[in-house]
Amino acid sequence: MENLFSNPGVAGWLGEWIDRLKPESIELVTGDQVQQESLVDLLISRGALVRLDPVLRPNSFLALSDPKDVARLESRTFICSEQEGDAGPTNNWRSPAEMRATMLPLYEGAMQGRKLYVIPFAMGPEGSRFQMLGIELTDSAYVALSMIKMARVSKAVAEAIDKSGNFVPAIHSVGVPVTGNDDVPWPCNPENTYVAHFPETKEIWSFGSGYGGNALLGKKCLALRIASVIGRREGWLAEHMLILKLTSPGGSVYYVAGAFPSACGKTNLAMLVPTVPGWKAETIGDDIAWIRRGEDGRLYAVNPEAGFFGVAPGTSERSNAMAMKTVSRDTIFTNCALTKEGDVWWEGATETAPDGMIDWKGVPWDGQGPAAHPNARFTVSASQCPMIAPEWQDPDGVPLSALLFGGRRSDLIPLVTEARSWEHGVFLGSIMASETTAAAEGPTGKVRRDPFAMLPFCGYNIGDYFQHWLDFGGKSVNGLPRIYLVNWFRRNADHRYIWPGYGDNVRVISWIIDRLEGRVRGRETPLGIVPDASEIDLAGTPLSPEEFAPLVEIDGAGLVTEVEDVEEYYSGLGDRLPKRLRAQLDELRALI
Ligand code: SAT
Ligand code: MN
């Protein structure tokens, strides 16, 4: 099998892992049609995939996971830097030596009775000098099939790796060797799950989970955690951001990037269908942005991914008609419910649930509890999105006009607030908080600090990360995008969302563009500049200016409590918290 690669470094590495993992057979994954079909046939024969009705949902499949393997596992995710301080207070740390000593025995013989898929992949557009190459080794055919959609997997990528010898090694095993005829459709090993990153040697080791970001290692592991470390060293940013292109009624083009925690509407915003006539939106990316400063001083963003791994529940014709079209064919669904017609369903897809469904646990749905898991997902190629921008794979990226930082906050945080400066924007990003969602394990709906929506994805000390953001702005702010805090999720006394959201979010972005163009003044608050109700086009929304007003009001007492909470949060970050951010907090305190 050494002949998969002729480069001695690559072949040697692969040989070493084959010896350790002891797979029964090996397959190089290059993503062609014939290979995809054989992966599908194999998964169907094992009961791991169900083919959906070919008329209702052509060439699409449903996978149901083990109920113990349904989300990203933050408690099992580790940053294994040599020094604990380099992982910082917000990451789980283990020394590389300790993690290797823990995981090497787990990998020993882990693929017995299974096939090893060798997946050469690229993150970043073809021909881009920012592209990063990786090889994922996995014993999961589901992961191989998903990687073909989510990353760029091809013969050409394999050859590029062979030629350069340059790649991020990413090892993945579900952690269940097969000894007899006792295999299960979704093998996993929850008692021994580790998602480990070695930032200094740029390696990823994952064991025990087959779900999402734990297993599709190009995404969170490489394009965020490892890339964030490389970005810091090389002077760029790897961010948990969507990228959206907007064309105004006058024909001006703007690109905005937005950081929101998992399952807070990035995919919906990335596929926004404007409700204000004349505006046009197009998608560049829905989850990750790599951002570099161009020679002209502007920031340029690329989407390193090739697909969407989107949250299904809540996605509907009303909330995201474009996502519905995107997943109308050639899609892998995971943990959705199966209808009796052989299609998929999830909470929110339609107002009433169809009868006779099989739920995500594989049994007839009894109407108790959700039919689809709250973190059920679709995996689909980005090229299938009807509103994908023609330049979405531009190797140089797109120039950003604004950055949005958003979370899920029922109160306090206004619909939109403009930061007073780059430094103030970095401060607002550093204190972002959001209610937890089903994207990760643990309780949902609990407000936690999630700076820059990067809490689970920053591969190094968060204080150093804040400093990197400050430095990245540099001395000159010329050409830098302005920074906006946004919150679509404010609720009224009846606990109902006030802002209609979705396509109406274009009204907020249009205000942002009015600010950039100097057309509106807004109103100063201690947090920054918010719109006056008269500056937001409400025609066609159910909101009157009076009903809008609370969306941009800041409750003074609430802000005092928030500042106290941030004070405590900052104290927990230790001495690597930049002094300039402490000064920003003092300034905010003085303003309220
Ligand atoms: O990390 S995943 O890719 O499973 C999804 C997410 O949390 O955004
Ligand atoms: Mn995400």
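**Reasoning from values to terms**

Trainee: Why is strand E27 (residues 482-486) described as mostly covered?

Mentor: In this predicted model, 4 of the 5 residues of strand E27 are buried. A residue is called buried when its relative accessible area is under 20%.

Trainee: What makes E27 a partner of strand E23 (residues 402-406), and in which sense do the two strands pair?

Mentor: Pairing requires at least two bridges between two strands. E23 and E27 share 5 bridges, and they run in the parallel sense, so the requirement is met. One of the bridges joins Ala402 to Arg482 in E27.

Trainee: How do you know that strand E24 (residues 416-418) pairs with E27 too?

Mentor: The count is again set against the requirement of at least two bridges. E24 and E27 have 3 bridges, here in the antiparallel sense. Within this pairing, Thr417 has Leu485 as its bridge partner in E27.

Trainee: What makes E1 and strand E5 (92-93) edge strands?

Mentor: The sheet in question is open and is formed by 8 strands in the order E1-E6-E7-E8-E10-E9-E4-E5, with mixed pairing. E1 and E5 each pair on one side only. Inside the order, E6 (residues 115-123) and E7 (residues 132-138) run antiparallel and are joined by 7 bridges; Ile119 is matched with Glu136 in E7.

Trainee: Why are Lys220, His240 and Asp287 called donors of the manganese ion (ligand 2)?

Mentor: A donor is an N, O or S atom within 2.8 Å of such a metal. The atoms here are NZ of Lys220, NE2 of His240 and OD of Asp287, and they lie 2.0 to 2.2 Å from the ion. These distances fall within the cut-off, and therefore the atoms count as donors. In sequence, the donor residues follow the spacing K-x19-H-x46-D. Lys220 belongs to helix H8 (residues 218-234), while His240 is in the loop between strand E11 (237-239) and strand E12 (241-247), so this pair ties together parts that are 20 residues apart in sequence.

Trainee: Are Lys220 and His240 buried or exposed?

Mentor: Lys220 has a relative accessible area of 5%, and His240 has 0%. Both values are under 20%, so each residue is buried.

Trainee: How do you know that Glu203 and Arg100 form a salt bridge?

Mentor: The term requires a side-chain nitrogen of Lys or Arg within 4 Å of a carboxyl oxygen of Asp or Glu. The closest N and O atoms of Arg100 and Glu203 are 2.8 Å apart, so the pair qualifies. Glu203 lies in strand E10 (residues 203-207) and Arg100 in helix H4 (residues 96-107), so the contact ties together parts that are 103 residues apart in sequence. Glu203, at 16% relative accessibility, counts as buried, whereas Arg100, at 22%, counts as partly exposed.

Trainee: Which residues are joined into one network by salt bridges that share partners?

Mentor: The network consists of Lys219, Lys220, Lys266, Asp287 and Glu305. The structure holds 34 salt bridges; among them is the one between Glu74 and Arg72, with closest N and O atoms 3.0 Å apart.

Trainee: What makes the phi angle of Asn335 worth a remark?

Mentor: Most residues other than glycine have a negative phi. Asn335 is not a glycine, yet its phi is positive, about 65°. Asn335 lies in the loop between strand E18 (332-334) and strand E19 (337-338), and its 0% relative accessibility makes it buried. Lys22 also has a positive phi, of about 55°; this residue sits in the loop between helix H1 (8-21) and strand E1 (25-28).

Trainee: Why is Lys22 called partly exposed?

Mentor: Partly exposed residues fall between the buried limit of 20% and the exposed limit of 50%. Lys22 has 36% relative accessibility, so it is placed in this class.

Trainee: What makes Leu591 eligible for a nonpolar surface patch?

Mentor: A patch residue needs over 30% relative accessible area and no salt bridge. Leu591, found in helix H16 (residues 579-591), has 46% relative accessibility and counts as partly exposed. With Val560 and Ile592, Leu591 makes a patch of about 240 Å².

Terms used: Residues numbered from 1 in each chain as written. Chains lettered and ligands numbered in written order. Predicted model: local features only at pLDDT ≥ 70, side-chain atom pairs only at ≥ 80, totals over all residues. Heavy atoms only, no water. Patch = residues over 30% accessible without salt bridge, like charges linked within 9 Å, V, L, I, M, F, W, Y side chains within 5 Å. Areas by Shrake-Rupley, 256 points an atom, 1.4 Å probe, with all protein chains shown as cover. Buried < 20%, exposed > 50% of the residue type's maximum accessible area, 1.4 Å probe, protein only. Donors = N, O, S within 2.8 Å, 3.2 Å for Na, K, Ca; no water.
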